[in-house]
Amino acid sequence: MSHVGRMYFRMCLPSALALATGAVTALAAHAAQEWPGDFGITSLYSQLPRWLFAGGVTLAAALAAMQAMRVRQWERGAVAACYVCGCVLGAARPTREGLGKTRRCLGCGRVHGVNHRLSPHLRPLAVAVADTAKAPVRSVRSLP
């Protein structure tokens, strides 16, 4: 499978999972309607399975439309792409504390840094010199 094929697969996977989840929950609700007891009797004339399936289809269509918009923007060059394979980058996720955010390529899986600025929640390091303005400046070439 090529990098672009893998990217399309990873982009369509949430939509397929939403459709499958809607279908499975609709089948489970339809099967539960035939059980004896309170749930089976109260949901006998219920439209719950149809609504669950329609919700899954609607969510899958919305996710597919969003991914199609991302692909269209990627084709135009308006979305950040991987410098290795050229595929779309995933969502920005925080890394270890204070190290910024990264985005994973949907094609090759490499990790790319979003920004190289440190986050505002830094834990300051212990400073050896209390006042740096009064400390003597050493030469760059001098040994410690």
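Contact here means heavy atoms within 4.5 Å. In this predicted model, residues 24 or more positions apart account for 40% of the contacts with a separation of 6 or more. Buried residues make up 22% of the 144 residues in the chain. The exposed area of the chain is about 11,100 Å². Carbon and sulfur atoms supply 64% of that area.

The chain contains three helices and three strands. Their order from the N terminus is α-α-α-β-β-β.

The strands pair in sequence order. E1 (residues 93-94) and E2 (residues 101-104) are antiparallel and share two bridges. Pro 94 has Lys 101 of E2 as its bridge partner. E2 also runs antiparallel to E3, and three bridges join these two strands. Here Arg 104 lies opposite Val 111 of E3. E2 and E3 form a hairpin, with six residues between the two strands. Within the turn, Gly 109 has a positive phi of about 90°.

Strand E3 spans residues 111-113 and includes His 112. The relative accessible area of His 112 is 9%. His 112 therefore counts as buried, since the cut-off is under 20%. Beyond its neighbours within four places in sequence, His 112 is in contact with Lys 101, Thr 102, Arg 103 and Cys 105. Further contacts of His 112 are made with Cys 82, Tyr 83 and Leu 89. Lys 101 thus appears twice in this account: as the bridge partner of Pro 94, and as a contact of His 112.

Technical notes
Residues are numbered from 1 along each chain as its sequence is written. This is a predicted model: local features need pLDDT of at least 70, side-chain atom pairs count only at pLDDT 80 or more; totals for chains, interfaces and linings use all residues. Side-chain values use heavy atoms; hydrogens and water are left out. Helices (H or I, at least four residues) and strands (E, at least two) are DSSP runs, numbered from the N terminus. Buried means under 20% relative accessible area, exposed over 50%, partly exposed in between (1.4 Å probe, protein chains only). Two strands pair if DSSP finds at least two bridges between them. Accessible areas come from the Shrake-Rupley method with a 1.4 Å probe; for residues, only the protein chains shown count as cover.
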